[in-house]
Amino acid sequence: MIRFNSRAAVAAAFLTLAVACAPIVRNHGYIPNDEDLSLVTVGVDTRETVEGSLGAPSAGGVIAGGDFYYTRSRWETLGARAPKEVERQVLAISFNAGGTVSNIERFGLEDGRVVTLSRRITDSSIRDLSFIRQLLGSVGRLRAENIVE
């Protein structure tokens, strides 16, 4: 004969709810950490040495031989809710006409606006700022119904 234990049932139900409410975190993309980034020297390193030190970028500039862009985003899914993007960063490495590093900047997305998180050189802006805005603005807007018709 099976005996029903109400305390065990309540504990099991509470444990099930607690586990179901834990967020599922997904990370997309890659941004080099500050230690690896310190190996890149402005005015000295070239595209080849940057790629050798940091790895291949997530995206390159629109023109062949353009700047390097490393992107990362973090998404959280809580229960049955739709995934929500909680963090997005872009690392932009600009090159001058001679092919050496001219600027290193890190951008984040705060309240829907592009925010400069760090810069190695304090220029007024980088050359492809509109590309960065497009890159940050398009992440997360792709939906399955737009792909499958």
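Start at Gly55. This glycine sits just after helix α3, and its phi is positive, about 95 degrees. Keep in mind that we are looking at a predicted model.

Now step back into α3 itself, residues 47-54. Among the elements of the protein, α3 has the highest mean pLDDT, at 91. At the other end is strand β6, residues 113-119, with the lowest mean, 57. Across the protein the average is 76, and 64% of the residues score at least 70.

Which residues of α3 are buried? Arg47, Val50 and Leu54. Those three span an arc of only 65 degrees around the axis, so they lie on the same side of α3. Note the arginine: Arg47 is in the buried set. What covers that side? The cover for the buried residues includes α2, β3, β4 and β5, the last of these being 101-110. Turn to the face pointing away from the buried side, and you find Glu48 and Gly52, both exposed.

One more residue in this helix. Glu51 also lies in α3. Is Glu51 buried, exposed or in between? Its relative accessible area is 39%, and buried means under 20% while exposed means over 50%, so Glu51 counts as partly exposed. Leave aside residues up to four places away in sequence, and Glu51 touches Ala56 and Phe68. For a distance, take Val40. Val40 and Glu51 are 11 residues apart along the chain, and their C-alpha atoms are separated by 9.9 Å.

Phe68 takes us to the aromatics. How many aromatic pairs does the structure hold? It holds 2.

Tyr30 and Tyr70 form one of them. The geometry is edge-to-face: 6.1 Å centre to centre, with 80 degrees between the planes. This pair links distant parts of the chain, 40 residues apart. Tyr30 is in the loop between β1 (24-29) and α2 (34-37). Tyr70 is in strand β3, residues 68-77. The two tyrosines sit in contrasting settings. Tyr30 is partly exposed, with a relative accessible area of 36%. Tyr70 is buried, at 0%.

Phe68 and Phe95 also pair. Why is this pair called edge-to-face? The ring planes stand at 75 degrees, and anything over 60 counts as edge-to-face, so the label follows. The ring centres are 5.1 Å apart. This pair, too, links distant parts of the chain. Phe68 is in β3, and Phe95 is in β4, residues 84-95, 27 residues along. Both phenylalanines are buried. So here is a thread to follow on screen: Glu51 touches Phe68, and the ring of Phe68 pairs with that of Phe95.

Now the whole protein. There are 5 helices and 6 strands. In sequence order they run α-β-α-α-β-β-β-β-β-α-α. Buried residues make up 28% of the 149 residues. The accessible surface is about 10,200 Å², and carbon and sulfur atoms account for 55% of it. Last, the contacts. Take those between residues at least 6 apart in sequence: 49% of them join residues at least 24 apart.

To recap. Helix α3 puts Arg47, Val50 and Leu54 on its buried side, and Glu48 and Gly52 on the face turned away. Tyr30 pairs with Tyr70, and Phe68 pairs with Phe95. When you look at β6, remember its mean pLDDT of 57.

Key:
Residues numbered from 1 in each chain as written. Predicted model: local features only at pLDDT ≥ 70, side-chain atom pairs only at ≥ 80, totals over all residues. Heavy atoms only, no water. Helix = DSSP H or I, 4+ residues; strand = E, 2+ residues; numbered from the N terminus. Buried < 20%, exposed > 50% of the residue type's maximum accessible area, 1.4 Å probe, protein only. Contact = heavy atoms within 4.5 Å. Areas by Shrake-Rupley, 256 points an atom, 1.4 Å probe, with all protein chains shown as cover. pLDDT = per-residue confidence, 0-100. Phe/Tyr/Trp six-rings, centres within 6.5 Å; stacked < 30°, edge-to-face > 60°. Arc of directions from axis to C-beta.
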